[in-house]
Amino acid sequence: MSFTQGDDVIEECLDYRSEESREEILGKIETLISDLMAGVAETGLAAIRLSNRRAAESIRFDKEKLHLTARDAADTKQNIIAFPGPTILNSWRFAVLMRTLDIISESLTSGKVVTKRDIYYRETWLFRNQAIVDRIVDDIGRTLNVPRAALGIVAAQKGLACGTFCMHKKDGTLMAVEGEIQLIPPFEEIKSVDVMDIDFVLVIEKEAIFRSLCSSKFYNRADIGRSILVTGKGYPDLSTRQFISNIAACHPDTPLFGAVDSDPYGIDILCTYKFGSRAMAHENSHLTALKMEWVGVNVLEYEDGWTKLSVGDRKKALKMLSLPWMETEAAMAMRLELQRMLFLGKKAEMNVVGTEANSVITYLTQAIKIRLDALITH
Amino acid sequence: MSKQYFSTSLTPEAHPADIFCVETTSEYAITSSGNSTLKLWNAASNDHEQVLTINTAHRLGIHHVCANKELGLIAAVGFDGEISVWSLQDCSCRAVISDPKTAYWAARFSADGEFLAATSLDGGITVWNTASEDFEKCGELETKGSSGLAIDYSNDGRFIASGHENGGLYIFSTETARLLHSLPGHIKAVRAVSFSPLSKLLAAGGDSNVITVYDVTSGEQVFNLSGHSRWIMSLDWNFTGEYLLSGSFDKSLKIWSIEQTECVSTQTESDSAVWAAKWTKTAGTARPQGFVSVGIDKTVRWYREATGG
């Protein structure tokens, strides 16, 4: 789905999801099961081929759009999950897959949405931990070639937003955000986002700083104008990424800024918004906001307050430097930042920039003002 | 008595991003940056134009470079933790040294070119024999485990000094491979170590902003040099041993008189941090000794002493 300018751009932007109806997807699941039963009748073995989304072979780097994307279904690595399997582990995997398909069918049939968390809590003894559910659900989505949302599964809400804007929900309600912090609803529930003439959008890594900015009314300032503030509380979940990606696409002239800690994980969080993730490679085109600009904090700009880069931090930084987008122009600033962290062996948290309390607010104001001024004189 | 230096030439945008390191030989200045190319600049001409490029495989960038003119070799250390060795004659790769268990950081050839030594992030120091076909490892020194950030060989070949992230500062005997001195004076990272030309003194500097100077034989701290307001990133003695050049995160270069134990000149041409600075190697030529500095401003800056009244 490519985003285009036009009157119906908002509708188009939001309706990227599967063209297939619930019936069609239920049909796909039924086909999967009937193939399985046929296999049992023939060979005595029940087996399903499941796509492995995260495997390196399944992912390629889209050099034009600058994000990871899934290879075609034919080229995606597939695991065979069979029962009875050679080990107890295989049998368990089969049970996990079957039960998940069962719950998904149920939710599609009833029309009720479930979260991944809901699924986990249905059979904690079977699933053992949340991560197992998270993975199998996305792998099923890839195997059936539909976005996870089309399976009737929504994310538990994590992201927060503040400022002045409103969201038209699919259930007909209007969610007006008037300077109060609101949870970003699951993207599937949003019909359109109306940003009402703002000057920029700022995404902040940490919730504490986000709240600080909100309470000081950073979203409505004389010097830098009106904005929407968003936090994903660290690594953003899908709904937050979709929200930002959508605003970026539907409002191409509105600047989008990201502010993160001066450490490899902060940079990684920014890159997740900007370039996407491995796990969601097959959905990345709707989840990335390439135009997001990193505004800080730069690891060199502190007075004090650095800590030592740990062994884990170093490994993370080196891993990131090897990612395909790190050699592109778009990632230049972030590449340099990681190299400087490695060169000095230092990192720092955004909140200790400057020596006074709330220095981070001053820092961000300055950083944004410089960029907004530059856009005007352009 | 103060000295006056002025910048004779500069090459802005010499690299597309920070220049992390500079090394000098009598023919070249060699610079490295966050990409995989080494650039060689003409030390003899007035314009100091670029004369060579070496394309290495260090895709993550190169942060340390050292060279030995006698051998005609350059060693580059990448963020990937590997060392690549290049011939100055034909820019071909002589060797790639890597150890999956650790990452190398700072490297230095011995003055006679017989050995290459490097620190690692696990605190160890490794020495290789340059004469052997593929750079055979011939020695390993252990320290307390804090990343080795700086290394130097004394000109007489008898000592190796290393500076570490936890403030550790050591002098080893190359003959016995034993630790001679564990020098006090730093509790924060030591980022630069440099032996004086006659191998009598060792200068060290880092995050304490102060340069400490020691007698190599006794291990005694003989004096301090204060004046920088931020971290000391690089130290280099001039070939007479009269002056010490320091480059700092405070954006300045300082020249210190050893005899007077004080700063005799401060250069503030750069508007951003200096990552490295070295005296030019003019011994045996008619050229006056100067120095060259690099840093965040991506510029290679050459300086010469102002002569006359």
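Student: How many residue pairs are in polar contact across the interface of chain A and chain B?

Tutor: In this predicted model, the rule finds nine such pairs between chain A and chain B, with both residues at pLDDT 80 or more. On the side of chain A that touches chain B, helix 10 (311-321) and helix 11 (332-344) each supply at least two residues. Helix 11 of chain A gives the largest share of that side, eight residues. By class, the side of chain A that touches chain B has ten nonpolar, three polar and seven charged residues.

Student: What is the count of salt bridges between chain A and chain B?

Tutor: The count is four. One of the salt bridges joins A:Lys346 to B:Asp207, with the closest N and O atoms 2.8 Å apart.

Student: How is the size of an interface given?

Tutor: Often as the accessible area lost when the parts come together. Here chain A and chain B bury about 1900 Å² between them, and 60% of this is on carbon and sulfur atoms. In chain A, the residues that lose the most area to chain B are A:Gln339, A:Phe343 and A:Leu344, together 32% of what that side buries. The contact takes 20 residues from chain A and 22 residues from chain B.

Student: How many cavities of 30 Å³ or more does the structure hold?

Tutor: Four. The largest cavity has about 340 Å³ of space. It is lined by 24 residues, and those closest to its centre are B:His64, B:Leu149, B:Arg191, B:Met233 and B:Ser234. Among the elements of chain B that give two or more residues to this lining are strand 6 (62-68), strand 14 (148-153), strand 18 (190-195) and strand 22 (232-237).

Student: Which classes of residue make up the lining of the largest cavity?

Tutor: The lining has 18 nonpolar, three polar and three charged residues.

Technical notes: Residues numbered from 1 in each chain as written. Chains lettered and ligands numbered in written order. Predicted model: local features only at pLDDT ≥ 70, side-chain atom pairs only at ≥ 80, totals over all residues. Heavy atoms only, no water. Contact = heavy atoms within 4.5 Å. Buried area = accessible area lost by both parts, 1.4 Å probe. Salt bridge = Lys/Arg side-chain N within 4 Å of Asp/Glu carboxyl O. Polar contact = N/O pair within 3.5 Å; in protein donor to acceptor, adjacent residues only side chain to side chain. Helix = DSSP H or I, 4+ residues; strand = E, 2+ residues; numbered from the N terminus. Nonpolar A, V, L, I, M, F, W, Y, C, P; charged D, E, K, R; others polar. 1 Å grid on protein atoms, 1.4 Å probe; cavity = no way out; pocket = protein on both sides within 12 Å on 5 of 7 lines; lining within 4 Å. Points joined across faces, edges and corners; volume = space filled by probe spheres on them.
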